[in-house]
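Student: I am new to this structure and should like to work through it by question and answer. May we begin once it is in view?

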Amino acid sequence: MGYELVKIGFAKNERVFSALNRLGFSMKKAQNLCDKGRILDSNDEILTKNQLFSGEIFMIDYICYPKGLKPVFETDDFAVFEKPSGICSHPNGRNSPYNMYDEIWHLYGREACVAHRLDAETSGLLLVAKTKNSAKELKALFEERKVLKSYLALVRGDLRSAGLRQFCAENEFFGKLELLSDFNGFVIDKSMSLGPLAGHTKQKMQINPKGKRAVTLLRILEFLENSTLVECYPLTGRQHQIRLHLHSVGHAILGDPLYNLEKSDIERILDNKMSESERVAKTGAKRLMLHAKGLVFDFRGQHYEIFSAKEF
């Protein structure tokens, strides 16, 4: 599963990049594969592009093992999938487990890619570009904050008691989000930076006034027993933004394996050494209770409002 060693042909006392070109690879592709160390001999030794070589040539290539996941919305330029919780958006190392690219590349070929990312435990809508051109345009929409993203989160306790600041239309991010003109809810405006921890927690973020600005809008949907269902709009796209913002006001998302936990517990969860029942006892759920609910954007003259039919 994932990246595997695939035999692609033979070389006969010729430079490796020339052999690859003879085998059907463009010169640019051949040199790129060599530069990335993805061309090997039968002894798993990396071959360099100008090396004279005779023998079998192998390539480290990604082999798709799709499970039949289909898009919930599709055009000629992009597709939208309902990513399950526990599945990575992209390959994770040479021995990567099943991830969304097993479906994406199987359906649309190697030019297709995700236009944005969701954390592995976050479920919900994932936008996939089918071509290089559409990928460039769709990624630019996310970078320029022209995609309105909405999430559902189930958090600890009664969020009504958090003393959140009411959202005001004068917020400087507001101009690009006309669909929120009648938004009635709260705002968390706290800058973020990468946290100081290493190892499994090296990607843990922290609230830092000197970090990058992060703004999340919140609307309380329902108060449940010991928890609150919240609709979240991240107006900026910082890593773990919703998770950290909710944790910072004392209402961590249920099931979060990173925030609101001791380092030892974080490591046990991420190493799959904590039982499901213990994780539920410590975090309130067996998975991160965060779901990508909606995507609203304009693309190539068309307006799209795509919403998940699921919750978690």
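Tutor: We begin with a definition: rings of Phe, Tyr and Trp (its six-membered ring) pair if their centres lie within 6.5 Å, and planes under 30 degrees apart count as stacked, over 60 as edge-to-face and the rest as tilted. This is a predicted model, in which local features need pLDDT of at least 70 and side-chain atom pairs count only at pLDDT 80 or more, while totals for chains, interfaces and linings use all residues. Residues are numbered from 1 along each chain as its sequence is written, and side-chain values use heavy atoms, with hydrogens and water left out.

Student: How many aromatic pairs does a search of the whole structure find?

Tutor: The search covers the whole structure and applies the ring criterion just given. The number of aromatic pairs found is 11.

Student: Why is the pair of Phe78 and Phe299 classed as it is?

Tutor: The ring centres of Phe78 and Phe299 are 5.9 Å apart. Their planes stand at 80°, so the pair is edge-to-face.

Student: How many residues apart are Phe78 and Phe299, and in which strands do they lie?

Tutor: Helices (H or I, at least four residues) and strands (E, at least two) are DSSP runs, numbered from the N terminus. Phe78 belongs to strand S5 (residues 78–83) and Phe299 to strand S15 (residues 290–299). The pair therefore links distant parts of the chain, and the separation is 221 residues.

Student: Is Phe78 buried or exposed?

Tutor: Buried means under 20% relative accessible area, exposed over 50%, and partly exposed in between (1.4 Å probe, protein chains only). The relative accessibility of Phe78 is 0%, so Phe78 counts as buried. Its partner Phe299 has a relative accessible area of 3% and is likewise buried.

Student: Why does the pair of Phe183 and Tyr233 tie together separate parts of the sequence?

Tutor: Phe183 and Tyr233 form an edge-to-face pair, with 5.7 Å from centre to centre and 85° between the planes. Phe183 lies in the loop between strand S9 (165–166) and strand S10 (186–189), and Tyr233 in strand S14 (residues 227–234). Both Phe183 and Tyr233 are buried. The pair ties together parts of the chain because its members are apart in sequence by 50 residues.

Student: Which residues do ring pairs link into a cluster?

Tutor: Phe78 and Phe299, already met as a pair, belong to this cluster. The full membership is Phe73, Phe78, Phe297, Phe299 and Tyr304.

Student: Over which ring does the charged end of Lys67 sit?

Tutor: A charge sits over a ring if NZ of Lys or CZ of Arg is within 6 Å of the ring centre and within 35 degrees of the ring normal. Arg160 offers one case, lying over the face of Phe223 at 4.7 Å from the ring centre. For Lys67, the distance to the ring centre is 4.3 Å, and the ring is that of Tyr98.

Student: How many salt bridges does the structure hold?

Tutor: Side chains of opposite charge can pair when their charged atoms come close. A salt bridge is a side-chain nitrogen of Lys or Arg within 4 Å of a carboxyl oxygen of Asp or Glu. The structure holds 18.

Student: With which residue does Asp61 form a salt bridge?

Tutor: Asp61 lies in strand S3 (residues 52–63), and its partner in the loop between helix H3 (100–108) and strand S6 (113–114), 49 residues apart. Asp61 counts as buried at 17% relative accessibility, whereas the partner, at 43%, counts as partly exposed. The closest N and O atoms are 3.3 Å apart, and the partner is Arg110.

Student: How far apart are the closest N and O atoms of Asp189 and Arg213?

Tutor: Asp189 lies in strand S10 and Arg213 in the loop between strand S12 (205–207) and strand S13 (215–224), so the pair ties together parts 24 residues apart in sequence. Asp189 is partly exposed at 29%, and Arg213 is partly exposed at 26%. The closest N and O atoms of this salt bridge are apart by 2.4 Å.

Student: Which residues are linked in a network of salt bridges?

Tutor: The network joins acidic and basic side chains under the salt-bridge criterion. Its members are Asp265, Arg268, Glu278 and Lys282.
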